[in-house]
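Biologist: I would like a close look at a single part of this model. Please pick one sheet and stay with it, then take in what packs against it.

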Amino acid sequence: MVACPLCTNEGTRQRWAGVPDRLFRMTTKRFDLNACPACGTTFVHPAPAADELAALYPEQYWVGPPDREAEAGLMARLLERYRRFVLRDHVRFVRRVIDDQRRAGAQIAVLDVGCGDGSFLDALGERGGVGMDLSEPALRAVERRGFRGVRGTLDDCPLEPGSFSLVTAFHFLEHVRPPEVALAAMRRLLAPGGELVLQVPNRRSVQAILFGAGWAGHDVPRHLINYSPETLRALLERSGFEIVAETKRSLRDNPALLAASLAPRLYPPARMAHLQGPDGLGGAICNVLFLGVTLACMPLSWIEQCIGRGASVMVRARPRA
Ligand SMILES: [Zn+2]
């Protein structure tokens with residue numbers, strides 16, 4: 001009997017057995033994914049222990065150059081332009097929250113949990129933003145962009161409760177278990193009138209169903225729990241939040257998830273996880289190829305979004321009074 005990590009139903013069943021770490025190849029171990037017939041969640045079972053989990057992450061688990069000081073070439077500048085352009089859906093969605101808060105007279109203070117190199121904070125352009133991550137190189141990049149970087153986790157960080165009008169966490173919640181603890185910690189960090197914006201891969205997207213266990217959005221074994229829009233909503237409601245808005249559009253994530261499912265060896269962060277020495281011309285060619293695959297995936301990903309089955313789901317939620 002294995003209980004579902006979201007709805008606690010005890011009758012979960014093995015859905016996929018012996019799934020390899022297809023994307024990052026950090027381990028040769030294989031993992032099982034269980035499915036819950038009651039709520040539809042799938043999850044890695046048994047969940048790796050905390051110390052095992054840490055070893056399953058490459059030093060760099062985000063998209064972007066490993067150390068921006070070393071990157072000033074044309075390729076790096078083009079990559080930065082591209083990344084900023086494809087963040088438009090994220091920025092637009094979050095901008096609406098900030099505009100509403102500003103109209104209500106709130107002081108804007110943004111915390112981005114799992115901020116990577118700070119590209120979202122930069123694209124959003126709200127001065128005073130704070131990025132939280134565990135990676136030192138990521139935080140150095142955040143600070144070079146002019147934002148405060150905080151090393152820590154939600155339950156072990158030097159941030160004052162009630163000090164943020166907005167907490168964002170893109171592709172974060174699927175990595176933590178139990179998610180209720182992370183949501184409670186985010187809630188504590190919110191000032192009165194504060195809101196959350198969360199984004200996770202959508203396990204009910206067309207590409208998730210086509211690729212099954214090998215879908216990049218499942219990212220076995222790092223994604224401990226795979227959400228659908230329904231299970232994400234249910235979790236938030238159970239945790240004392242009300243959903244204000246939802247979108248399954250994401251120009252940055254949806255085509256790239258499809259591209260990484262088709263060509264995992266070309267996926268830049270996964271390639272860089274195994275890089276010995278400089279990336280060189282071969283790396284540049286791989287990046288261009290991956291960009292080509294991603295661009296080719298855009299029409300398919302757009303169709304998927306149009307029928308309401310986009311590869312990621314982003315929600316805006318506020319604590320219920
Ligand atoms: Zn369940």
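Modeller: Two strands pair if DSSP finds at least two bridges between them. Strands (E, at least two residues) and helices (H or I, at least four) are DSSP runs, numbered from the N terminus. The model is predicted: local features need pLDDT of at least 70, side-chain atom pairs count only at pLDDT 80 or more, and totals for chains, interfaces and linings use all residues. Residues are numbered from 1 along each chain as its sequence is written.

Take the sheet of seven strands. It is open, and its order is S6-S5-S4-S7-S8-S11-S10. The pairing is mixed. The edges belong to S6 (148-151) and S10 (241-247). Each of these two has a single partner strand, so one side of each is left without a neighbour in the sheet. Neighbouring strands are turned by 20° against each other on average, direction ignored. For such angles, axes are lines fitted to C-alpha atoms (for helices, over the stretch in contact), and the range is 0 to 180 degrees between N-to-C directions.

Start with S4, residues 110-113. S4 and S5 (residues 130-133) run parallel and share three bridges. Leu111 has Val130 of S5 as its bridge partner. S4 also pairs with S7 (residues 164-170), again in parallel, through four bridges. There Val113 is matched with Ala169 of S7. In a regular strand the side chains alternate between the two faces of the sheet. In S4, Val110 and Asp112 point one way, while Leu111 and Val113 point the other. All four are buried. A residue is buried if 20 or more other C-beta atoms, placed from the backbone, lie within 10 Å of its own, exposed if 12 or fewer, and partly exposed in between.

One residue to note after S7 is His171, in the loop between S7 and helix H6 (179-189). Its phi is near 55°, a positive value in a residue other than glycine. His171 counts as buried, because 21 C-beta neighbours lie inside 10 Å.

Move on to S8, which spans 190-201. Gly194 sits in this strand. It is buried, with 22 other C-beta atoms within 10 Å. Gly194 touches Phe164, Ser165 and Leu166, once residues up to four places away in sequence are set aside. Contact means that the C-beta atoms, placed from the backbone, lie within 7 Å. Gly194 and Val110 are 84 residues apart along the chain, and their C-alpha atoms are separated by 9.8 Å.

Now the S10 end. S10 and S11 (residues 312-319) are antiparallel and joined by six bridges. In that pair, Ala245 has Arg316 of S11 as its bridge partner. At the S6 end, helix H5 (residues 136-144) packs on the sheet and touches S5 and S6. The direction of H5 makes about 160° with that of S6.

Look again at S11, where Ser312 lies. Ser312 is buried: 26 other C-beta atoms fall within 10 Å. From Thr247 it is 65 residues away in sequence and 8.3 Å away in space, C-alpha to C-alpha. Leaving aside neighbours within four places in sequence, Ser312 is in contact with Gln199, Val200, Pro201, Asn202, Lys248, Ser250, Asp253 and Asn254.

Asn254 leads into helix H9, residues 254-262. Eight of the nine residues of H9 are buried, so this helix is largely enclosed by the rest of the structure. The buried ones are Asn254, Pro255, Ala256, Leu257, Leu258, Ala259, Ala260 and Ser261. They pack against S8, helix H7 (206-211), H11 and S11.

H9 and H11 (residues 280-306) pack at an angle of about 120°, with axes 7 Å apart. From H9, the contact takes in Asn254, Pro255, Ala256, Leu258, Ala259 and Leu262. H11 brings Phe290, Val293, Thr294, Cys297, Met298, Leu300, Ser301, Glu304 and Gln305 to meet them.

How values were computed: Contact = placed C-beta atoms within 7 Å.
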